[in-house]
Amino acid sequence: ERIGFNKDIISRGKYSELTAADQRPFRPDEAELFAKSAQNAYKQFRDKAAYSRSMTVDEMEEFAQGRVWTGNDAASRGLVDAIGGLSRAVAIAKQKADIPQDRQVGHISLCFFNKYDSLN
């Protein structure tokens, strides 16, 4: 049996429907806000990566430019400490924290980023 589904958007505020843009094209002002948000996120990531790699922002930008590197390519450019997945990362973190490798540890995911805070 088929059931009906309707989607109604109730919003308040100039950009409150920005996440509903998958249902329609961006308005010009929304496109500009989205582009600024993406550029801001890119710059924050690039700057943090440069700092953590002891590189200048210009040195990091040489490699970055929004590209994605394979593990080996990233390693050859000094962008990563080691090749591996999550289990390798956990093993390295345990070693640095003096936690025995055979001790079970939990994984916690946190998300507390408001993508539009820095654009106002």
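Here are a few exercises with worked solutions on the chain shown above.

A quick note before starting: this is a predicted model, where local features need pLDDT of at least 70, side-chain atom pairs count only at pLDDT 80 or more, and totals for chains, interfaces and linings use all residues. Residues are numbered from 1 along each chain as its sequence is written, and side-chain values use heavy atoms, with hydrogens and water left out.

**Exercise 1. Work out which elements the chain has and how much of it is buried.**

Start with the elements, which are DSSP runs numbered from the N terminus: helices are H or I with at least four residues, strands are E with at least two. The chain has 4 helices and 0 strands, so the order from the N terminus reads α-α-α-α.

Next, burial, meaning under 20% relative accessible area with a 1.4 Å probe, protein chains only. Of the 120 residues, 15% make the cut.

Then the surface, computed by the Shrake-Rupley method with a 1.4 Å probe. The total is about 10,200 Å², and carbon and sulfur atoms hold 53% of that.

**Exercise 2. Check the length of H1 and find what its buried residues pack against.**

The expected span of a helix is 1.5 Å times one less than its number of residues. H1 covers residues 28-52, and its 25 residues should therefore span 36 Å; the end C-alpha atoms sit 36 Å apart, which agrees.

Now list the buried residues in H1: Glu30, Leu33, Ser37, Tyr42, Arg46, Ala49 and Ala50. They pack against helix H2 (57-63), with a contact meaning heavy atoms within 4.5 Å. Just after H1, Ser54 takes a positive phi of about 55°.

**Exercise 3. Describe the largest pocket: its volume, its lining and the helix that gives the most to it.**

On a 1 Å grid over the protein atoms alone, a pocket is an open set of points with protein on both sides within 12 Å along at least five of seven lines, and lining residues have an atom within 4 Å of a point. Volume is the space filled by probe spheres set on the points, which are joined across faces, edges and corners.

The largest pocket comes out at about 330 Å³. Its lining has 17 residues, with Phe45, Ala49, Met60, Trp69 and Leu79 nearest the centre. H1 and H2 each supply at least two lining residues, and H1 gives the most, with 5. By class, the lining splits into 11 nonpolar, 3 polar and 3 charged residues.

Technical notes: Buried < 20%, exposed > 50% of the residue type's maximum accessible area, 1.4 Å probe, protein only. 1 Å grid on protein atoms, 1.4 Å probe; cavity = no way out; pocket = protein on both sides within 12 Å on 5 of 7 lines; lining within 4 Å. Nonpolar A, V, L, I, M, F, W, Y, C, P; charged D, E, K, R; others polar.
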